[in-house]
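Trainee: I have just opened this entry and would love a guided tour. Could we go through it together, one question at a time?

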Amino acid sequence: MIFSGVFDRFPGRQVIAGHWGERVLFYLDHTGFFGETGGLERPLADYFRRSFWVAGSGANSPPLPALDR
């Protein structure tokens, strides 16, 4: 979704990432180069900070400090 440009065309779009976000949150700092090679308008982690909510079992959680908006 990020690399297809969905969040650039629809900046208010929100996604709930279930299962506590799996490992995505732990690897955001290490995946920055994907944004550079993928031609994104913003850093990859910025898309997660602005557009993704982390949830467990379908229950929203407050943003983690790393994702503080």
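Trainee: Which residues is Y47 in contact with, leaving aside its neighbours within four places in sequence?
Mentor: Bear in mind as we go that this is a predicted model. Y47 is found in helix α4, and its C-alpha lies 7.3 Å from that of F7, although the two are 40 residues apart in sequence. Once neighbours within four places are set aside, the contacts of Y47 are I2, F7, D8, L40, E41, R42 and F52.

Trainee: Is Y47 buried or exposed?
Mentor: Here we need the cut-off: buried means under 20% relative accessible area. Y47 has a relative accessibility of 0%, so it counts as buried.

Trainee: Where does R42 lie relative to the ring of Y47, and at what distance from the ring centre?
Mentor: Two features link this pair. The side chain of Y47 reaches the backbone nitrogen of R42 at 3.4 Å. As for the ring, R42 lies over the face of Y47, and its distance from the ring centre is 4.0 Å.

Trainee: How many salt bridges does a search of the whole structure find?
Mentor: Side chains of opposite charge can pair when their charged atoms come close. R42 meets D8 at 3.9 Å, N to O, and R42 also forms a salt bridge with D46, with the closest N and O atoms 2.9 Å apart. R50 and D46 meet as well, at 3.1 Å. For the whole structure, the number of salt bridges found is three.

Trainee: Which residues are linked in a network of salt bridges?
Mentor: R42 pairs with D8 and also with D46, while D46 pairs with R50 too. R50 and D46 both lie in helix α4, four residues apart, about one turn of the helix. The network therefore consists of D8, R42, D46 and R50.

Trainee: Is D8 buried or partly exposed?
Mentor: Its partner R42 has 19% relative accessibility and so counts as buried. D8 has a relative accessible area of 25%, and the limit for buried is under 20%. That makes D8 partly exposed.

Trainee: What kind of pair do the rings of F7 and F52 make?
Mentor: There are two aromatic pairs by the rule used here. In the one made by F7 and F52, the ring centres are 5.6 Å apart and the planes meet at 50°. Planes under 30 degrees apart count as stacked and over 60 as edge-to-face, so this pair is tilted.

Trainee: How many residues apart in sequence are the parts that F7 and F52 tie together?
Mentor: F7 lies in helix α1 (residues 6-9), and F52 lies in strand β2 (residues 52-56). Both residues join F48 in one aromatic cluster. The pair therefore ties together parts whose separation in sequence is 45 residues.

Trainee: Which element gives the most to the largest nonpolar core?
Mentor: That core has 10 residues: I2, F7, V15, L28, L40, L44, A45, Y47, F48 and F52. Four of them come from the element that gives the most, which is α4.

Trainee: Why is helix α4 largely enclosed by the rest of the structure?
Mentor: Helix α4 spans residues 44-51, eight in total. Being largely enclosed follows because six of those eight residues are buried. Their names are L44, A45, D46, Y47, F48 and S51.

Conventions: Residues numbered from 1 in each chain as written. Predicted model: local features only at pLDDT ≥ 70, side-chain atom pairs only at ≥ 80, totals over all residues. Heavy atoms only, no water. Buried < 20%, exposed > 50% of the residue type's maximum accessible area, 1.4 Å probe, protein only. Helix = DSSP H or I, 4+ residues; strand = E, 2+ residues; numbered from the N terminus. Phe/Tyr/Trp six-rings, centres within 6.5 Å; stacked < 30°, edge-to-face > 60°. Lys NZ or Arg CZ within 6 Å of the ring centre and 35° of its normal. Contact = heavy atoms within 4.5 Å. Polar contact = N/O pair within 3.5 Å; in protein donor to acceptor, adjacent residues only side chain to side chain. Core = buried A, V, L, I, M, F, W, Y, C linked by side-chain atoms within 4.5 Å. Salt bridge = Lys/Arg side-chain N within 4 Å of Asp/Glu carboxyl O.
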